[in-house]
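Biologist: I'd like to learn how to read aromatic contacts in a model. Can we go through one together?

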Amino acid sequence: MDYFKLLKKQDSEKTALIEDGVSYSYGKLVRLVLEKADAMGKQTSVYLIREQRILQQLLSFFACNALGIVPVIVPNGQREIPTIKNVPAQACNGVMTSGSAGVPKILFRSYASWADYFPVQNRIFGIDRESVLFAHGSLAFTGNLNLYLAQIYAGGTIVAQNDFQPKRWPQIIREHQVNSIYLIPSKLLLLPKLVREPDLRVHTILSGSQSMGRQDAVRLKGCFPEAKVILYYGASELNYITYVTDADMTDKRNLVGKPFPGVSITVKDRAIYVDTRYHVEGITCPYTLSDMGYLDQDGNLYFEGRSDDIVNRKGRKVSTLRIANCLEELPQIREAAVVLSDRERQFLTAVVEWEKAADGREASEICEIRDEALFAALRGKLAKFEMPNRIYAVRQLPHNDSGKIDKKRICQLLQKADS
C-alpha cells in the first residue's frame with residue numbers, strides 16, 4: 001500500500017484540497033498526479049521535492065508513490081542536503097529534519113508507520129470524512145504532511161494557505177465552512193485578535209511544536225466556543241507521543257499531557273524515552289531524542305526542551321525554554337526565544353515578538369527593550385539567576401518550515417544589533 005493508492009480509493013467527486021481558494025476534487029488530484037508521474041519518469045530511488053507551493057508538493061509526493069520512488073520534501077531554503085547512503089526496503093517516504101539542533105537528517109518511514117496509526121489519531125483529533133481542516137505552510141513540516149495524509153485517509157477536505165496572511169484567515173475559515181484548525185501556537189494565537197464574532201462551526205483546534213497553556217485555550221475558545229483545543233507533543237523520528245486537551249491544561253505552559261494509545265514514556269535523568277511501534281526505520285525503542293522533561297504523579301509529561309536548551313549559568317542549570325515560556329505569559333509578548341550570547345558564555349539574551357518598542361514607535365528589525373515594568377513583571381516569575389541580561393524586540397521571530405524558532409537566525413539578528 002502507498003499514499004497514491006489511498007488517494008485513488010476516495011470519492012472522486014469529493015473536494016480534497018482548496019489551495020488559496022482554488023478547489024481540487026480527489027478525482028482531479030489523481031489525474032494531475034498521473035500527469036506529473038508521466039513527466040517525471042522513474043529516475044532514482046529517492047526524489048527530492050523542491051517545489052514551494054502546497055499543491056505541487058502534494059502532486060510530486062503522490063507521483064513518487066505511483067512510480068515506486070521514495071519522496072522527500074526539502075524545507076524552503078535548505079541548502080545542505082545530507083548524503084543518502086542506504087534506503088530501507090520498507091521506505092514509503094522520507095522526511096527531512098530542520099537541522100535546528102545540528103546537521104539535517106533524512107529519516108525514512110514505512111507506509112504502516114504513519115497510516116496504521118491514522119484511525120487512532122483521527123479519532124482523538126476528531127477527523128473524519130466530514131472534516132474540513134484549515135492549515136498553513138509547507139509540507140516539509142512533518143506535522144503538516146502527516147495531518148494532510150491523515151485527512152486524505154479519512155476522505156476529508158483540506159483548506160491550505162501558502163502565504164502567511166493571518167488577517168485573511170477568519171474570512172477563509174468562514175467562507176469554506178472549516179470545522180477543524182491546525183496551526184502551531186504562535187500562528188494560532190493570532191486568531192483571537194482577528195476573529196470578529198464567535199464561530200460555532202469549528203469543533204477541533206490542533207496544535208503542536210510549541211508551548212501553550214490554559215489561558216491560551218480560553219482565548220481560543222472565546223472565538224470558537226464549540227471547539228476542543230488539543231496540544232500534542234511529537235517528533236519526526238517517532239510520531240505522536242503525548243497530548244493534552246483544554247479541559248486538562250493548566251497555567252504550566254510546558255504541560256504536554258499523557259501518552260497516545262499504544263505509546264509509553266519513561267524519564268531517566270530528565271531525558272524522555274519513548275516506546276512506540278510507529279517510528280522511522282533504523283531506530284529501536286525505547287528511544288530518546290535528548291528531549292528533557294519530567295512526569296508528575298498522575299503520569300502527565302512536562303516538556304523542558306532539548307538538552308541544548310538547558311544551559312549552565314554561574315554554576316546553575318537554567319532552562320531557556322522555561323524563561324521563554326515565562327516571557328510569553330506576559331500580555332505584551334506574543335512569542336519569545338532565549339539564547340546564550342556568543343560573546344559571554346553566561347550572558348542570557350531574550351528576543352521577543354512585541355508590536356511596539358518601549359517608546360511607542362513601531363519596532364524596527366531589532367531593537368533593545370528598556371521597559372522597567374516588563375523586567376519587573378519577569379522578576380516576579382523568574383529567579384535572579386534566570387533573568388535575561390538583555391531583551392530585544394522584533395516584529396516577527398524567524399521560523400523554519402517545521403514551525404520552530406530558527407535560533408541560528410536569532411543569533412544573526414543579535415550579531416547585527418551588537419555591531
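Biologist: Let's start with one ring: is Phe 125 buried or exposed?

Modeller: Buried means under 20% relative accessible area, exposed over 50%, and partly exposed in between (1.4 Å probe, protein chains only). Phe 125 has 0% relative accessibility, so it counts as buried. Keep in mind that this is a predicted model, where local features need pLDDT of at least 70, side-chain atom pairs count only at pLDDT 80 or more, and totals for chains, interfaces and linings use all residues. Residues are numbered from 1 along each chain as its sequence is written, and side-chain values use heavy atoms, with hydrogens and water left out.

Biologist: How many aromatic pairs does the structure hold?

Modeller: Rings of Phe, Tyr and Trp (its six-membered ring) pair if their centres lie within 6.5 Å; planes under 30 degrees apart are stacked, over 60 edge-to-face, the rest tilted. There are 17 such pairs here. In one of them, the ring centres of Phe 125 and Tyr 232 are 6.4 Å apart with planes at 40°, so that pair is tilted.

Biologist: And what about Tyr 232 and Tyr 240, which form an aromatic pair?

Modeller: That one is edge-to-face, with 4.9 Å centre to centre and 85° between the planes. Tyr 232, at 7% relative accessibility, counts as buried, and so does Tyr 240, at 5%.

Biologist: Which residues do ring pairs link into a cluster?

Modeller: Phe 125, Phe 141, Tyr 182, Tyr 232, Tyr 240, Tyr 243 and Phe 260.
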